[in-house]
Amino acid sequence: MTWYDSFLQQLVDGLVLGSFYALVALGYTMVFGVIKLLNFAHGDLYMTGAFAGFGGLSLVSGFLGAGWLGIFVAMLLAMLAVGCLGVVIERVAYHPMLAAPRLSILITALAVSLVLQNAALSLTGGQYTAFRTDLGFGGFNLGNLFLSYNQIVLVATAAVLMIALELFVSRTLYGRAMRAVSIDKDMCRMMGINVSAVIAVTFFIGSGLAAAAGTMAGAYYGSIWYFMGFLIGLKAFTAAVIGGIGSITGAMLGGLILGLLESFGTHIPFIGSEWKDVFTFSILILVLVFKPTGLLGKSEVERM
Amino acid sequence: MNKILSLIASAAVINLAAGSLAMAQDGPITIGVQVPTTGSEATYGKDMLNAVTLSANEINADGGLLDGRQIQLVTGDTACDPQQSVNAASRLASRQVVGVVGGYCSGATQPTLKTYGDANIPFVIVAANSTQLIPANPGNAFMINSTGADQAKTAVDFFEGKGIEKVAIVNQGDAYSQDLANLTRDAWTEAGHTVSAFEYVNKGEQDFSALVNKIRSSGAEAVFWTAYYADGGLLIRQLRQRGFQGTIAVGDGSNSPELFNIAGQAAEGVFAFSNPTADFLPAAKQFIGDYQTEFGNAPGPYAPLAYDGMQLMAWAIDKAGSTDSDAIIEALASADDQEWLAGPISFTPQHTLARSNFVVLEGQDGKWIRYEE
């Protein structure tokens, strides 16, 4: 492989990885936007989404098969289920805490994360669960660049979801309400906006996107386990910070940038792939120190 | 209360020991079996105990040892715990066992070497295979399972047999897989070949694309994964998914059938190195059948070695012609490549297996089969 082929290959890898990060980062940033909470349970919703997608696929694979159609339907089911779970979590764990000091709700979020993780641990016994699909390993070569169909479908699905979200937020009434709530909750209430409903919708969408990413990751990587949400949760958080937490476009951008940085970063001479996470989280620190608002964040956003 | 109980118990033990001394010339020959029958590794421990029992029963049915003396087994439960294993070893030693067969967890086996060494009791270690056991051996212990160094050698022979020059070695950063990776790297470079990439992955990471790129751009013709099946399955899958066409081999931590569930069709044609489990031993057909009838389930991975361990001990006692420790140890050391269930046994001066007993397996149709070059 020449450096040019290698460059292209890393670009493709970065995009695939970045799509996962972006989808998960969106949930972080949306929730932060409306209730100023760093939802540390978000990575575990991704994990729950993977298991929900696995369950969904077992349900529908009988008549739809375990190919793209089956996975797509399973993904929709998982988004629905985990979206509802997200709303329930918000109602039970976060809603009563909204008036409490910010630290209390942050601790609640950590507790929710542990509850989800340990529930999954108990249910699966800590074993890896094989996520079996009928997807092959097909693909094609562009010169020395290898593109698999799975990668293409994955990136395309992520793109469609993100465009849909962008349209929802910028063009619909609920989207406008969501943006308004993120700016000033009290004023929205006075204007007759049902803030509580807007928060619920935000959680539904954020959790649903995490579930979509979880299901796709399960199908793409082929196995799922209870701890899979931890690292990606932290990395999605990093992506959200890079893009500017609270900003939806920023989260998408941050996810892609982080994916690309990881992909290229591991090819810097003398930095092996074992340094990948060190690299990633060093970026988090650098961004927080030098540009705490991220690329697209607004400086008046209150931070924890 | 507990103290009184243990006093009574030890008094009983002393009585028993005295009793067995009194009839030492014609009574049963006591052999200790040191395995974990409780704790996390109990499944393997019980399986090994079963195999030793089967082995001893066969010998007894054939007329026993030394002109008709029967073998009597005493179990010492190590629970795979260094502290408990020392207690178990002392208990076995106090019962004047003629020899000890067993040893599963290397960490729990290591401290017992001193106990048996001090008591000068011959010890056949059947499963534990850390290279750390070798310097700790006072001279009375014999390892009949191959060590990590042997697996590295098996790997080198295998890759050489495939005409491969550049190998990428990947481990998971834990003591076991790192040790195997280092041993293989050293052996491979010593043999005059190239290690094109030497990497490790973070546990719990799902995306190995950067690693796969690195392996591909390093020009590796083969990849050797030295860690466990769960992440190994992910790596194999991504290697194949991303167009790596070279040879893939995995160490004995990954030869589980679960690998096929995770890697799917990518595991087809993957090679694995394995200790000799019964399924892949042509000589073990009879053994599998007998084990199944006796215990109602298939023998586990270390059953053949445990069976061999007992047979070897019995052979050495017969060869020594007495229950004298030194004579038995001398007999064990003289084991001369006789064919056993899991292959021939003879020892190096350090009392490790002279010949690697690792076998090469190949993934076909979702299961492992023995690979013959």
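**View 1. Where chain B meets chain A.** In this predicted model, 28 residues of chain B are in contact with 32 residues of chain A. On the chain B side, strand 7 (194–200), helix 8 (209–217), helix 9 (229–241) and helix 10 (258–263) each supply at least two of the residues that touch chain A. Look for helix 8 of chain B, which gives the most to this side, with seven residues. Sorted by class, the side of chain B that touches chain A has nine nonpolar, eleven polar and eight charged residues.

**View 2. A hairpin in chain A.** Here strand 2 (residues 139–142) and strand 3 (residues 145–148) of chain A run antiparallel, joined by four bridges. To find your way along the pair, start at A:Gly139, which stands opposite A:Ser148 in strand 3 of chain A. The two strands form a hairpin with two residues between them. In the turn you will meet A:Gly143, whose phi is positive, at about 65°.

**View 3. The open sheet of chain B.** Five strands of chain B form an open sheet in the order 2-1-3-4-5, and the pairing is parallel. Strand 2 (71–77) and strand 5 (141–143) of chain B stand at the edges, and each has a single partner strand, so one side of each is left without a neighbour in the sheet. From one strand to the next, the twist averages 20°. As a reminder, strands of a sheet pair through backbone hydrogen bonds, either parallel or antiparallel.

**View 4. Strand 1 of chain B and its two partners.** Now zoom in on strand 1 (residues 29–35) of chain B, which pairs with strand 3 (residues 99–102) of chain B in the parallel sense over four bridges. Two matched positions help you line them up: B:Gly32 stands opposite B:Val100, and B:Gln34 stands opposite B:Gly102. Strand 1 of chain B also pairs with strand 2 of chain B, again in the parallel sense, over seven bridges. In that pairing B:Ile29 stands opposite B:Ile71.

How many of the seven residues of strand 1 of chain B are buried? The count is seven of seven, and the strand is described as mostly covered. In a regular strand the side chains alternate between the two faces of the sheet. On one side of strand 1 of chain B you find B:Ile29, B:Ile31, B:Val33 and B:Val35, and on the other B:Thr30, B:Gly32 and B:Gln34; both faces are covered.

**View 5. Two nonpolar cores.** The largest nonpolar core has 142 residues, and those with the most contacts inside it are A:Ala22 and A:Leu23. Helix 1 (residues 3–35) of chain A gives the most to this core, with 16 residues. Apart from this core lies another, of 66 residues, among them B:Ala56, B:Val101, B:Phe123 and B:Val124. Zooming in on A:Leu23, and not counting residues up to four places away in sequence, you can trace its contacts to A:Ala158, A:Leu161, A:Leu209, A:Ala210, A:Ala212 and A:Ala213. In soluble globular proteins, nonpolar side chains tend to be buried together.

**View 6. B:Ser55 and a partner from far along the sequence.** B:Ser55 lies in helix 2 (residues 42–61) of chain B. Is B:Ser55 buried or exposed? B:Ser55 has 27 C-beta neighbours inside 10 Å, so it counts as buried, since the cut-off for that label is 20 or more. Leaving aside neighbours within four places in sequence, B:Ser55 is in contact with B:Tyr307, B:Met310 and B:Gln311. B:Ser55 and B:Met310 are 255 residues apart in sequence, yet 6.3 Å apart in space, C-alpha to C-alpha.

**View 7. Two loop residues with a positive phi.** Most residues other than glycine have a negative phi. B:Ala79 has a positive phi, near 55°, and lies in the loop between strand 2 and helix 3 (82–94) of chain B. B:Ala79 counts as buried because 21 C-beta neighbours lie inside 10 Å. B:His351 also has a positive phi, about 65°, although it is not a glycine. The place of B:His351 is in the loop between strand 12 (343–346) and strand 13 (359–364) of chain B. B:His351 has 22 C-beta neighbours inside 10 Å, so it too counts as buried.

**View 8. The two domains of chain B.** The domain assignment of chain B gives domain 1 (2–146 + 281–346) and domain 2 (149–274). The centres of domain 1 and domain 2 of chain B, taken over C-alpha atoms, are separated by 35 Å.

How values were computed. Residues are numbered from 1 along each chain as its sequence is written. Chains are lettered from A and ligands numbered from 1 in the order in which they are written. This is a predicted model: local features need pLDDT of at least 70, side-chain atom pairs count only at pLDDT 80 or more; totals for chains, interfaces and linings use all residues. Two strands pair if DSSP finds at least two bridges between them. Axes are lines fitted to C-alpha atoms, for helices over the stretch in contact, and angles run from 0 to 180 degrees between N-to-C directions. Domain bounds come from an automatic or database domain assignment. A residue is buried if 20 or more other C-beta atoms lie within 10 Å of its own, exposed if 12 or fewer, and partly exposed in between; C-beta atoms are placed from the backbone. Two residues are in contact if their C-beta atoms, placed from the backbone, lie within 7 Å. Ala, Val, Leu, Ile, Met, Phe, Trp, Tyr, Cys and Pro count as nonpolar, Asp, Glu, Lys and Arg as charged, and the others, Gly among them, as polar. A nonpolar core is a set of buried Ala, Val, Leu, Ile, Met, Phe, Trp, Tyr and Cys residues joined through C-beta atoms within 7 Å.
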